[in-house]
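Colleague: I should be grateful for a close look at the internal cavities of this model. Please give the cut-offs along with the description.

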Amino acid sequence: MKRSRVNEIMQEADSFIRSFGFLLPPFAYWTPEEFQRRRAEAGGIVEARLGWDITDYGKEKFDELGLFLFTVRNGRAADLSTGRGMLYAEKIMISRKDQLSPMHRHNIKAEDIINRGGGSLVLELFMPDAEGNIDREAEVTVPTDGVLRRLPAGGLLKLDPGESVTLLPGVWHAFWGEGADVLIGEVSTVNDDLTDNVFAEPIGRFAQIEEDEEPMHLLVADYGTRLKG
């Protein structure tokens, strides 16, 4: 994925997010140089992996297979075992019309997926079997804004703006926008994108970036390579 395309997506995403009255935090707009200057005070951002996240899942077909994410807040995984501390995370995401986020599940994270505006968000859902694999026969039961919904294995759940679904650890899900691009909110337990994404097919979580121009803002995946100290 070319850096120039990543920069374009950032601009497009920021405008789309603002159109719904949602504003990103100030650090979202730091240049790479400012981020480096403020590295000492930005330890919490780096440690929690807050910020821009744009992925084509390593397949270089972002418009068909991809997702825009921005992690706004995130706690510490170590606190989950104690039940005390910042045990939650929040993301804002954009699923473009007919853009697939592929089938996956989480081992630890429970999440509310919320349609914040735009088109409909469609989720394909499966329950896990005893080994955690996709169960292609078991009925799916998920809470949607406090109301239980039951679907057949592989059933499609459509969320219109304002609606949400709670996905507990293990529930397999893929999703895409229908009718128009969708602004998605995610409220969850602590998020760990490095180890807690299990995909149904071999796939990369992060994009491979071709550096054809300088980054407008750093991606979370850039922190380890572009920040010193």
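Modeller: What follows describes the cavities and their linings, and then turns to two arginines.

This is a predicted model, in which local features need pLDDT of at least 70, side-chain atom pairs count only at pLDDT 80 or more, and totals for chains, interfaces and linings use all residues. Residues are numbered from 1 along each chain as its sequence is written, and side-chain values use heavy atoms, with hydrogens and water left out.

Rolling a probe the size of a water molecule over the atoms shows where empty space is left. A cavity is here a set of points, on a 1 Å grid over the protein atoms alone, where a 1.4 Å probe fits but cannot get out; lining residues have an atom within 4 Å of a point. Points are joined across faces, edges and corners, and a volume is the space filled by probe spheres set on them. By this rule there are three cavities of 30 Å³ or more.

The largest cavity has a volume of about 150 Å³. It is lined by 18 residues, of which Leu67, Leu69, His104, His106 and Asn197 are the closest to its centre. Two or more lining residues come from each of the strands β2 (67-74), β3 (88-95), β4 (101-105), β5 (111-128) and β11 (172-189), strands being DSSP runs of E of at least two residues and helices runs of H or I of at least four, numbered from the N terminus. The largest share, three residues, is that of β11. By class, this lining has seven nonpolar, five polar and six charged residues, where Ala, Val, Leu, Ile, Met, Phe, Trp, Tyr, Cys and Pro count as nonpolar, Asp, Glu, Lys and Arg as charged, and the others, Gly among them, as polar.

The second largest cavity holds about 50 Å³ of space. Its lining consists of Asp53, Ile54, Phe206, Ala207, Ile209, Leu219 and Ala221, which divide into six nonpolar, no polar and one charged.

Strand β2 also contains Arg73. Arg73 counts as partly exposed because its relative accessibility is 35%, the limits being under 20% for buried and over 50% for exposed, with partly exposed in between (1.4 Å probe, protein chains only). Leaving aside residues up to four places away in sequence, Arg73 touches Leu50, Met86, Tyr88, Ala89 and Glu90, contact meaning heavy atoms within 4.5 Å.

Arg39 lies in the loop between α2 (32-37) and α3 (43-48). With the sequence neighbours up to four places away again not counted, Arg39 touches Val46, Leu227, Lys228 and Gly229.

Methods. On a 1 Å grid over the protein atoms alone, a cavity is a set of points where a 1.4 Å probe fits but cannot get out, and a pocket is an open set with protein on both sides within 12 Å along at least five of seven lines; lining residues have an atom within 4 Å of a point.
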